[in-house]
Amino acid sequence: MAFALVCSAGAAPASTPIADVICEPTHMMTKKLSRQFGEQLHSWGTRGPEQVMQVWTDKRGDWTMVVAYATGTSCIVAMGENWEGNQAEDPA
């Protein structure tokens with residue numbers, strides 16, 4: 001998945017698939033991750049008033065980390081495999 005995503009974004013060949021940051025308008029990035037790669041937004045958090053960090057995952061455990069900027073651009077900053085969610089324990 002990661003290699004296909006890098007190739008479809010038109011990045012130049014590199015020693016690792018994420019050697020170059022891949023950026024697109026946010027609506028296009030969302031469409032690509034959800035429709036083309038079957039990923040869903042798993043979690044997110046703010047990184048200041050202008051950025052939201054997102055983790056997208058699929059059923060196999062592949063994951064993609066995206067920074068969504070207030071300008072309307074999103075960039076893939078990391079990809080990997082074997083994502084495992086962590087449930088908070090109920091202290092009661």
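User: By class, how many nonpolar, polar and charged residues does the lining of the largest cavity have?
Analyst: In this predicted model, the residues that line the largest cavity are Thr26, Met29, Thr30, Leu33, Gln54, Trp56, Val66 and Ser74. Met, Leu, Trp and Val count as nonpolar, whereas residues such as Thr, Gln and Ser fall among the polar ones. Sorted in this way, the lining has 4 nonpolar, 4 polar and no charged residues.

User: Which element supplies the largest share of the lining of the largest cavity?
Analyst: Two elements, α2 (26-36) and β3 (51-57), each supply at least two residues of this lining. Thr26, Met29, Thr30 and Leu33, which are among the lining residues, have numbers that fall within the range 26-36. The largest share, 4 residues, therefore comes, with helices and strands taken as DSSP runs, from α2.

User: What volume does the largest cavity have?
Analyst: The structure holds 1 cavity of 30 Å³ or more. The volume of the largest cavity is about 30 Å³.

User: Which residue in β5 is the bridge partner of Val67?
Analyst: Val67 belongs to β4, where it stands opposite Met53, and β4 runs antiparallel to β3, to which 7 bridges join it. Strand β4 is also joined by 6 bridges to β5 (residues 73-80), again in an antiparallel arrangement. In β5, the bridge partner of Val67 is Cys75.

User: How many of the 7 residues of strand β4 are buried?
Analyst: A residue counts as buried when its relative accessible area is under 20%. Strand β4, which spans residues 63-69, is mostly covered, and the number of its 7 residues that are buried is 5.

Conventions
Residues are numbered from 1 along each chain as its sequence is written. This is a predicted model: local features need pLDDT of at least 70, side-chain atom pairs count only at pLDDT 80 or more; totals for chains, interfaces and linings use all residues. Side-chain values use heavy atoms; hydrogens and water are left out. On a 1 Å grid over the protein atoms alone, a cavity is a set of points where a 1.4 Å probe fits but cannot get out, and a pocket is an open set with protein on both sides within 12 Å along at least five of seven lines; lining residues have an atom within 4 Å of a point. Grid points are joined across faces, edges and corners, and a volume is the space filled by probe spheres set on the points. Buried means under 20% relative accessible area, exposed over 50%, partly exposed in between (1.4 Å probe, protein chains only). Two strands pair if DSSP finds at least two bridges between them.
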